Amino acid sequence: MAVNLYFVGTAGSGKTTLTKTFKDWMDQHGYQAVTVNLDPGVDELPYTVDIDVRDWVSLPEVMAEHELGPNGAQIVSADMVAMNAKEIREVMEGFECHYFLIDTPGQMELFTFRQASREMVSTLGDKSLITFLFDPVLSKQPSGFVSLMTLAATTQFRFDVPYFPVLSKADILTKEELEQIKTWSMDFWRLDTALRERATMEKQVGIELIKSIQNMGLQRGITPVSSHEMFGIEDIYTAVQDAFFGGEDLTVD
Ligand SMILES: Nc1nc2c(ncn2[C@@H]2O[C@H](COP(=O)(O)OP(=O)(O)OP(=O)(O)O)[C@@H](O)[C@H]2O)c(=O)[nH]1
Ligand SMILES: [Mg+2]
């Protein structure tokens, strides 16, 4: 059975671009990947979409039918997408592939915080992994990094599937910034020290959040990834293979 690889992250963190980059990488290696768009509100996609949720739910139609603005319509659409999960799964079952690459909605809370999404993820397959994209600009500040770790932890808590944290668009960071973020992700003491240099409120709340993330066993390194400069892609593949196939490579015909 194929792996469902979800790309999740805050708005503009690079989910759609990474879906395309990962698909291209799999094609180049002779692996079979099928792209799935779960964002009913997206206009254009840079990849050829194999399974498109817009075939079931259209944001402009939801806005017109329910007389809603774009935000309200996004919420209704997210639930409508989830209601169609069984049908989407049936369509997925018609494809022979190694991975389904699943691009999720821009407003990640619509996907992450809704009970319907949780049910959808389990309906869509048994082997799911979330690639969680850390926005590089937010990650540069210790408090931004802690906030994203909290979001990643919340995502894991909501879905209870393995997740792999990546530092997205790492090409826009300097070598020093990159090293610092990698250090913070592995060594919370260093992150704690960086936070202590900040304003009192930020410091106190941040330190408490770090402690709970550490207690939850979620302290782990982050993998820098760039769709523009093509690095880190293979690391995602390796993480998936480690999680589900004991690190064995996929077989190619
Ligand atoms: N420098 C750089 N820019 C990137 C990279 N990946 C994506 N981008 C840019 O970041 C912007 C957002 O990328 P998307 O892939 O649309 O991000 P997204 O998370 O799908 O966005 P939403 O679905 O709207 O939340 C675009 O302008 C991309 O060109 C990267 O690896 N490096
Ligand atoms: Mg997108």
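Student: At what angle do helix 8 and helix 10 pack?
Tutor: This is a predicted model, in which local features need pLDDT of at least 70 and side-chain atom pairs count only at pLDDT 80 or more, while totals for chains, interfaces and linings use all residues. Residues are numbered from 1 along each chain as its sequence is written, and chains are lettered from A and ligands numbered from 1 in the order in which they are written. Helix 8 covers residues 142-159 and helix 10 residues 188-196 (helices, H or I, of at least four residues and strands, E, of at least two are DSSP runs, numbered from the N terminus). Their axes lie 9 Å apart (lines fitted to C-alpha atoms, for helices over the stretch in contact, with angles from 0 to 180 degrees between N-to-C directions), and the packing angle is about 130°.

Student: Which word describes the orientation of helix 8 to helix 10?
Tutor: The angle is about 130°. Angles under 35 degrees count as roughly parallel, over 145 as roughly antiparallel, 65 to 115 as roughly perpendicular and the rest as oblique. Helix 8 is therefore, relative to helix 10, oblique.

Student: Which residues of helix 10 meet helix 8, and how many residues of the contact are nonpolar?
Tutor: From helix 8, Pro142, Ser143 and Phe145 meet Leu191, Ala194 and Leu195 of helix 10 (contact requires C-beta atoms, placed from the backbone, within 7 Å). Ala, Val, Leu, Ile, Met, Phe, Trp, Tyr, Cys and Pro count as nonpolar, Asp, Glu, Lys and Arg as charged, and the others, Gly among them, as polar. This contact has no charged residue and 1 polar one, and its nonpolar residues number 5.

Student: What is the handedness of the crossing of helix 3 and helix 6?
Tutor: Helix 3 (residues 70-83) packs on helix 6 at about 25°, and the two are therefore roughly parallel. A crossing is left-handed if the near helix is turned anticlockwise from the far one by less than a right angle, and right-handed if clockwise. The crossing of helix 3 and helix 6 is left-handed.

Student: What is the handedness of the crossing of helix 4 and helix 6?
Tutor: Helix 4 (residues 85-93) and helix 6 (residues 115-124) pack at about 25°, with axes 9 Å apart. Among the residues that meet are Ile88 and Met92 in helix 4 and Met120 and Leu124 in helix 6. The crossing of helix 4 and helix 6 is right-handed.

Student: Which helix gives the largest share of the shell around ligand 1?
Tutor: The 15 residues that surround ligand 1 include Lys15, Thr16 and Gly106 (near means a C-beta atom, placed from the backbone, within 6 Å). By class, the shell has 2 nonpolar, 10 polar and 3 charged residues. The largest share, 3 residues, comes from helix 1.

How values were computed: Contact = placed C-beta atoms within 7 Å.
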